Amino acid sequence: MTESVETSALTPSPGTSGQTGTVVRSTVLKRLFKNPMGVVAIVILLAMAVMAIFADVLAPFDENFANIAKTLAAPDEVNILGTDSSGRDVWSRLLFGAQLTLTSALLCAAVAIAIGLPAGLVAGYYAGRFEAVSNWVVSILMSLPGLIVLLTIRAAFGPSVWIAMIAFGVLISPSYFRLTRSAVQSVRNELYVDAARVSGLSDMRIITRHIFSVVRAPIIIQTAAIAGVAIAIQSGLEFLGLGDPAKATWGVMLSEGFKNVYLTPTLLFWPAFAMALTIGALVLLGNAIRDALEDGEKIKHGRQKAHQAENAAAASATKAARKTIAAVEAGTEHHLVKVTNLGVGYPQADGSIKKVVDDVSFHVDRGEILGIVGESGSGKSQTAFSILGLLPDTARIEAGAIQFDGNYTVAPGEDKVNQDRLSKLRGKRISYIPQEPMSNLDPAFTIGYQLVTPMVRVLGISKAEATTRAMKLLSDVGIVNPERTFKAYPHEVSGGMAQRVLIAGAISCEPDLIIADEPTTALDVTVQADVLDLIRDLQRRLGVGVILVTHNFGVVADLCDRVVVMQNGRLVEEGPVRDILREPKETYTQTLLASMLEGKEPMSMLVPSTSSATASSTAKENVL
Ligand SMILES: Nc1ncnc2c1ncn2[C@@H]1O[C@H](COP(=O)(O)OP(=O)(O)OP(=O)(O)O)[C@@H](O)[C@H]1O
């Protein structure tokens, strides 16, 4: 779990799950170095850092060494950038200025992080009183006029750049607080955080290990921006003459340069140039990090570049293939759906492909219910989504073909589901019953509206006609009071009713194929049987083909004609349900069957029952 959490923090794309955080971190760095913008920014910042660190060695003079015999001098071999109005070497002051300006900017960011980050983490995670109090403090800090506060502090403590930057760090800390708090709020109820809690991890460990990883990336980006702002603010104050004249900072140099702008404009140019370069590099670095973290896109582009030549050849082959895609393999046209050697994969950050469906073949005919069964993660939904054309953008069809009613939706050689072809079928000839009824109904519209609109659009019937039809459909799916449900909003009906509504929606446009993805998982056991009966009944009446995705062999036994068993993305066994239930050939199928609730003895019987064996075998026979 830790790995996936770390991964998700750095690479929001789902396509990276399953990798270790280390792999992802190293690829983020790799991508950063591949980005010219990032490289330029890093080179500039490194150069500035070297200037600052080795100022004592690199500077030919002390920052305040003044040669009054040589004021406002033009550049020569001794003073390579000339001298200022007091005869001080501009190059030496620039170097010492880099030291002070950069470290004080970092101090400002460090103070802001030290206050804003932990407060944001705790407020976001615990909410409640701490969050309320922090919000108050943050509101007060944000309402303070920053410049006036800094001027007051300067008046009270003198012209110390350190004190000014610490104060500015405090003033700017709400930006870190708010950033962190919102990021934490968005994940604190995620299942993996709950799982970490349930597994007994302490709050501190959950926050530092699971939650902190979510804010790490935005904090880095924010810090690049804040450091730039700190340099600008600090220089601004010094430019106004509020800095310590005894210290060489870029702001102080700017102020002095301005006084002599007509005599020696370069005095103003050099510190301004150094500042612009540094702030620009910080902004570029922030952008480059952000781009490097936008994993999915980058992987896509990276792969596109890496395979440009390959793709060009493939594209022309695909074009040629497209012209001839109309003809599916002879003798297979009658199948409603035929999936042939399907492979689905996700490109990973390290350039590899994570195969989630591998060499899967099956077919579904009209009037038939095919069950796809397998444990969680076996690739059932990915197979169903390939047929529906609902795979995420990052997914690639690695191999094989899919045909619907005698035409390819994914022709051999194509690496994406053809959305042009699918959009003509989806919602019209192919419909979908999802797993989570509630989250698939829009809470902003009534159920009636959500049923009527697609019918008007797809079937081209009038609104009145669609309304009558919707009422009938609601009654067909067993809703007792169709009028009331029609007018209700999704939150006003139960989960079972919502699933019935979705089933009504799925059959409303008279499809040829219904794909139901775990249609009963989110429902109460008492409602599950009703919904399964309803699907069976509708399928018989309407003669549609159904693909039922489930992890439950009991559902398969109840409903399906044939079954496909999947494990780790591969097809393990296929056949008529009766045969598979009676004589499963593969060990995996036997294990799945054994895990069915029916046919099992209670695990902890208080009184051993001699009749349990008989009862369990009777239960299994009932299933069969
Ligand atoms: N966007 C994605 N990027 C990378 N891998 C993914 C993505 N979506 C799914 N997977 C992976 O594909 C594999 C198969 O997932 P799929 O959803 O098909 O499983 P399933 O058998 O339907 O399981 P469940 O019953 O839990 O939904 C899993 O290992 C999953 O992690």
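Ala, Val, Leu, Ile, Met, Phe, Trp, Tyr, Cys and Pro count as nonpolar here, Asp, Glu, Lys and Arg as charged, and the others, Gly among them, as polar. The model is predicted: local features need pLDDT of at least 70, side-chain atom pairs count only at pLDDT 80 or more, and totals for chains, interfaces and linings use all residues. Residue numbers start from 1 along each chain as its sequence is written.

**Exercise 1. The ligand shell**

Task: work out how the residues around the ligand divide by character, and which elements supply two or more of them.

Solution. Start with the rule: a residue is near a molecule or strand if its C-beta atom, placed from the backbone, lies within 6 Å of it. Around the ligand there are 16 residues, of which V356, S376, K380, S381 and Q382 come nearest. Next, elements: β2 (353-364) and α15 (380-388) are the ones giving two or more residues to the shell. Helices (H or I, at least four residues) and strands (E, at least two) are DSSP runs, numbered from the N terminus. α15 gives the most, with three residues. Finally, sort by character: four are nonpolar, ten polar and two charged.

**Exercise 2. One side of α17**

Task: check the length of helix α17 (residues 447-459), then find which residues of α17 are buried.

Solution. Length comes first. The expected span of a helix is 1.5 Å times one less than its number of residues. For the 13 residues of α17 that should be 18 Å, and the end C-alpha atoms are 18 Å apart, which agrees.

Now burial. A residue is buried if 20 or more other C-beta atoms lie within 10 Å of its own, exposed if 12 or fewer, and partly exposed in between, with C-beta atoms placed from the backbone. In α17, I447, G448, L451, V452 and M455 are the buried ones. They cover an arc of only 110° around the axis (taken from the directions from the helix axis to the C-beta atoms), which puts them on the same side of α17. The background rule is handy: an α-helix has 3.6 residues a turn, so residues three or four places apart point the same way.

What do the buried residues of α17 pack against? Their partners are α18 (463-476), α19 (482-487) and α20 (495-508). After α17 comes G460, with a positive phi near 70°.

**Exercise 3. How enclosed is α20?**

Task: decide how far α20 is covered by the rest of the structure.

Solution. α20 has 14 residues and reaches 20 Å from its first C-alpha to its last, close to the 20 Å expected. Count the buried ones: 13 of the 14, so α20 is largely enclosed by the rest of the structure. α20 is followed by E510, whose phi is positive, near 50°.

**Exercise 4. Strand β6 and its partner**

Task: say whether the faces of β6 (residues 430-433) are covered or open, and find the strand joined to β6.

Solution. Take the faces in turn: I430 and Y432 on one side are buried, and so are S431 and I433 on the other, leaving both faces covered. For pairing, DSSP must find at least two bridges between two strands. Four bridges join β6 to β7 (residues 513-517), and the two run parallel. One to look up: S431 has I514 of β7 as its bridge partner.

**Exercise 5. Unusual backbone angles**

Task: find where N341 and D359 lie.

Solution. Most residues other than glycine have a negative phi. N341, not a glycine, has a positive phi of about 45° and lies in strand β1 (residues 337-347). D359, also not a glycine, has a positive phi of about 55° and is found in β2.

Key:
Contact = placed C-beta atoms within 7 Å.
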